[in-house]
Amino acid sequence: MASLSFSSVGKRFSDGTLALSRVDLEVKDGEFLVLVGPSGCGKSTLLRSAAGLETLTQGRIAIGGKDVTDLGPGDRDIAMVFQNYALYPHMDVFENMAFGLGQRKVPKDIIRQKVEQAARTLDLTPYLRKRPGSLSGGQRQRVAMGRAIVRDPQCFLMDEPLSNLDAKLRVQMRAELKLLNASLGVTTLYVTHDQVEAMTMGDRVAVLKPVTEESESNLQQCAAPRELYENPVNLFVAGFIGSPAMNFFKARPVRQDGALGCVIAGTDMVLPLTAAQAAVRRYLAKSIDRELILGVRPEAFLYPNPSPGGLSSEVLMTEMTGADAYVFFDLKGEQSNRITARIDPRFLPERGAPLTMGVDMDRAHFFDPETGLALRS
Ligand code: ATP
């Protein structure tokens, strides 16, 4: 196994589309790194360029410290798993898994040994003589994985490998793939547009966004899932990671009776901060009366509201998932944003009922409205 590194990678397609710009990223040896972002952010292009299926217009790619930028796909020692599995329908499972090795003229007994070993790892032994057409989606997905494993590649590249599975199977395969990765210790670069998949599978997650200028970078933040969730570096990451998404408000820090508070712009609603909360957010005292963006995750609302102040509205709609309940409400006036709060289902209010929602300011995020960057200390 080996590390996979991208240095100042850029890709402009011949029709002029800028897909990648200034991407610097290293997938460490044995790491499972997930690329996530909205459609068109360049995830597949980055993965395909690692595979040698796209030619870069800028930058270099190295695998295990060796520059592979100018090598073809066959010379890179990687294995790719696609969304559609790309299995051969006329070959059985054994033949599908053995195919790549046969092409490389690996001796037959070695092939048999490798395929049988991979089939055991993936619980595919009873299916070796079946054709893909008679397998379930999850089994086909495992055959595609098996075909990658038998090659003993330096790294795995996976492009939305679970997206054709139904929701339940996807959750199951998600855990299996992660376990498999942990047991094989294979360096893996994994593409998904599903942020829950990204957060649950990735040792680290790289969030990408589409670029229009070469001066920008697609890469917004690359961090462990928890860090990404708790400390998003900018509005893009904050809004993309988390489901339901973070709620955003325009808010102004104010001083009230010697304490700090935040006024929700266009309203007289105030969210007070304790001295301790203000002390770890020194930027607030430096931004008195300046409009900032306040970010509140659905679970950072307090209901019933134990504190003075808070947001007042009325319940627009509720949703009960069993373990959780969600309350949807609007802020009247200048900011007509729809807000989603997660609350304890025992306190689920009636639709149309008046509502006062507290905010746990320990978990509040603040962003600069001009740069979109998170404000820190
Ligand atoms: P999705 O989640 O929709 O698959 P993605 O994040 O994988 O999106 P890419 O497929 O890498 O995004 O595409 C990045 C950008 O490059 C998009 O604007 C896309 O339209 C463009 N693009 C991709 N392939 C080509 C191509 N062969 N020629 C021209 N433009 C392309």
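Here is a walk through this predicted model, going from its domains down to two buried side chains.

Let's begin with the broad layout. The domain assignment splits the protein chain into domain 1, covering 4-231, and domain 2, covering 247-367. Taken over C-alpha atoms, the centres of domain 1 and domain 2 are 40 Å apart.

Now look for an open sheet of four strands. Its order is β2-β1-β4-β5, and the pairing is antiparallel. At the edges you'll find β2 (18-27) and β5 (66-67); each has a single partner strand, so one side of each has no neighbour in the sheet. Strands of a sheet pair through backbone hydrogen bonds, and the pairing can be parallel or antiparallel. Here, strand β1 (residues 4-12) and strand β4 (residues 58-63) run antiparallel and are joined by five bridges. If you want a spot to zoom in on, try Phe-6, whose bridge partner in β4 is Ile-61.

That pair leads us to a helix residue. Phe-6 and Ile-61 are both among the residues touched by Ser-49, which belongs to helix α1 (residues 43-51). Is Ser-49 buried or exposed? Its relative accessibility is 2%, so Ser-49 counts as buried, given that the cut-off for buried is under 20%. Beyond residues up to four places away in sequence, Ser-49 also touches Leu-20, Glu-54, Leu-56 and Arg-76. What about the polar part of its side chain? A polar atom there lies 2.7 Å from the backbone oxygen of Leu-46.

Next, move along the chain to another strand pair. Strand β9 (residues 204-208) pairs with β10 in the antiparallel sense, over four bridges. Leu-208 stands opposite Leu-219 in β10. Strand β10 itself, residues 219-223, is mostly covered, with four of its five residues buried.

Gln-221 sits in strand β10, and its surroundings are worth a look. With a relative accessibility of 8%, Gln-221 counts as buried. Which residues is Gln-221 in contact with, leaving aside its neighbours within four places in sequence? The list includes Val-205, Ala-206 and Val-207, whose numbers fall within strand β9 (residues 204-208). Gln-221 is also in contact with Leu-228, Asn-231, Pro-232, Val-233 and Val-237. Val-233 comes up again in a polar contact: its backbone nitrogen lies 2.9 Å from a polar atom of the Gln-221 side chain.

Terms used
Residues numbered from 1 in each chain as written. Predicted model: local features only at pLDDT ≥ 70, side-chain atom pairs only at ≥ 80, totals over all residues. Heavy atoms only, no water. Domains from an automatic or database assignment. Buried < 20%, exposed > 50% of the residue type's maximum accessible area, 1.4 Å probe, protein only. Helix = DSSP H or I, 4+ residues; strand = E, 2+ residues; numbered from the N terminus. Pairing = 2+ DSSP bridges. Polar contact = N/O pair within 3.5 Å; in protein donor to acceptor, adjacent residues only side chain to side chain. Contact = heavy atoms within 4.5 Å.
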